[in-house]
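Trainee: Please choose one part of this model and take me through it closely, with the cut-offs behind each term.

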Amino acid sequence: MWRLSWPMLVGQLASVGMGVADVAMTGHVSASELAAVSLGASVWSIILVTVMGTMMALNTVVAHETGAGQFGRIPHVVRQGLWMGLGVGLVACLIANLSTLVFDHIGLTPDVAANAAMFVHAISIGMPAFACYRALYGYTTSINQTKPVMVIAVLGLLFNIFVNWLLVFGNWGMPRLGGVGCAVATGICLWLMFGAMLVWIRIAPAYRQTYPFTRWERPNWAEIGSMLRLGLPIGVTYLAEVSAFGAVSLMIARFGVVQVSASQIALNFSSLVFMVPLSFGMGLMTRVGHALGEGDAVRARFVAWVGVGMSLAFALLSAALIAVFRWEIARAYTSDPAVQELCAHLLLFAALFQLSDATQVATSSAIRGYKVTRQPMQIQLLAFWGFAMPLGYVLGLAPGWFAWSPAAPMGASGFWIGLVLGLTVAAVLLTRSLHHLSQARAGVTG
């Protein structure tokens, strides 16, 4: 599991590092620029992660074919996956641009709203490339070739930081674009990463047995529909969680740039830490798929719980480190003392939900390895939009119409309390689901 997952971990950290670099570098321009990038990144990340989840159908399908030894089917699956990625990416690009209309209706100052919208418009140029890249990502990781995603993501991060430095601050005679410069750099970088993956697959010997570009193939709508039925519930699952986190940034916008900026920094760092259990989850999905493709449901069950244990072990470590170094983390992102103070406070909530967050991502990934995707979707929707957001709304905004509202709005802290509850509910229900599913497939009773 570790040999499969660690290159994906480095790759995921590098990918999320682009967002971290965007927020951190903009934080040293001004609080209003940071607020604009924070809000634009909130909307963008919701769409990005939904696309990533939808494209995970390729991981599961290719893993099962690999485990069953059906290597001749993999090129066809990948070709159809790329057609699916192109369609998903174009639709997501359209949705991203339309979503900027929300910035005009949440009480933002005109300059912050305009900059946040421009950020989304600029970065959306990379969405089709990202969706197709994730199709190839699922293909290469599911045949146990994970180092390409690590190398390409690290090179992409370095490129992104360099171009950010040029465009955000106007170095070397380049225009000083502020937060919009981050968006332009990331959009270009996503296209370069997709191109690099195509080149790698073309020249590396490991892909010769399953090389997908030996011939042209039209879209097979039945095949694409089958993958969408598998992938869309994963996308909605990711949407349920990430939209809850993103909605927090939008709903606390009325409290001013300090609350928005501090919350976004805490969310941004939490998403960076989350990449570790997420990478374990991707490896877990592949390993469970291999075992089930081989017809060994007992081994699949064993692999599933090993992956959950690995995620929990990391969560204990990350919770302790976040709690101890929360002030250092806040200072690394921003030089504004007010933002630092609130951010350090919110990072305590981030430390608190590490265990439940790691548990829910590991268990849901293992369940997807069984080609079961609707149940995790239903659980996530219930946990975040049935529990977390209603509680966060009541505590954070203290609406007068609700009898048990607090005396005064708790702002960002109230919403973070709701998120902790949502993750805990999701972790408990998904653990129970994996227990029953793995036992039933393995023929274990009791």
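Mentor: A crossing is right-handed if the near helix is turned clockwise from the far one by less than a right angle, and left-handed if anticlockwise. This is a predicted model, in which local features need pLDDT of at least 70 and side-chain atom pairs count only at pLDDT 80 or more, while totals for chains, interfaces and linings use all residues. Residues are numbered from 1 along each chain as its sequence is written, and side-chain values use heavy atoms, leaving out hydrogens and water.

The part to look at is helix α14, residues 354–369 (helices being DSSP H or I runs of at least four residues, numbered from the N terminus), together with its partner α10, which spans residues 257–293. The axes of α10 and α14 (lines fitted to C-alpha atoms over the stretch in contact, with N-to-C angles from 0 to 180 degrees) come within 7 Å and cross at roughly 25°. That angle makes the two helices roughly parallel (under 35 degrees; over 145 is roughly antiparallel, 65 to 115 roughly perpendicular and the rest oblique), and α10 passes α14 in a right-handed crossing.

On the α10 side, the residues that meet α14 (heavy atoms within 4.5 Å) are V273, F274, P277, L278, G281, M282, L284, M285, V288, G289 and L292. Facing them in α14 are Q354, D357, A358, Q360, V361, A362, S365, A366, R368 and G369. Sorted by class, this contact of α10 with α14 has 13 nonpolar, 6 polar and 2 charged residues (Ala, Val, Leu, Ile, Met, Phe, Trp, Tyr, Cys and Pro being nonpolar, Asp, Glu, Lys and Arg charged, and the others, Gly among them, polar).

R368 deserves its own look, since this α14 residue counts as buried at 1% relative accessibility (buried is under 20% relative accessible area, exposed over 50%, partly exposed in between, with a 1.4 Å probe and protein chains only). Leaving aside residues up to four places away in sequence, R368 touches T60, I234, T237, Y238, M285 and T373, and M285 is also one of the α10 residues in the contact with α14.

For comparison, take helix α1 (residues 2–26) and helix α6 (residues 127–142), which pack at about 160° with their axes 12 Å apart. α1 and α6 are therefore roughly antiparallel to each other, and their crossing is right-handed. Here L4, M8 and Q12 in α1 meet R134, Y137 and T141 in α6, a contact with 3 nonpolar, 2 polar and 1 charged residues.
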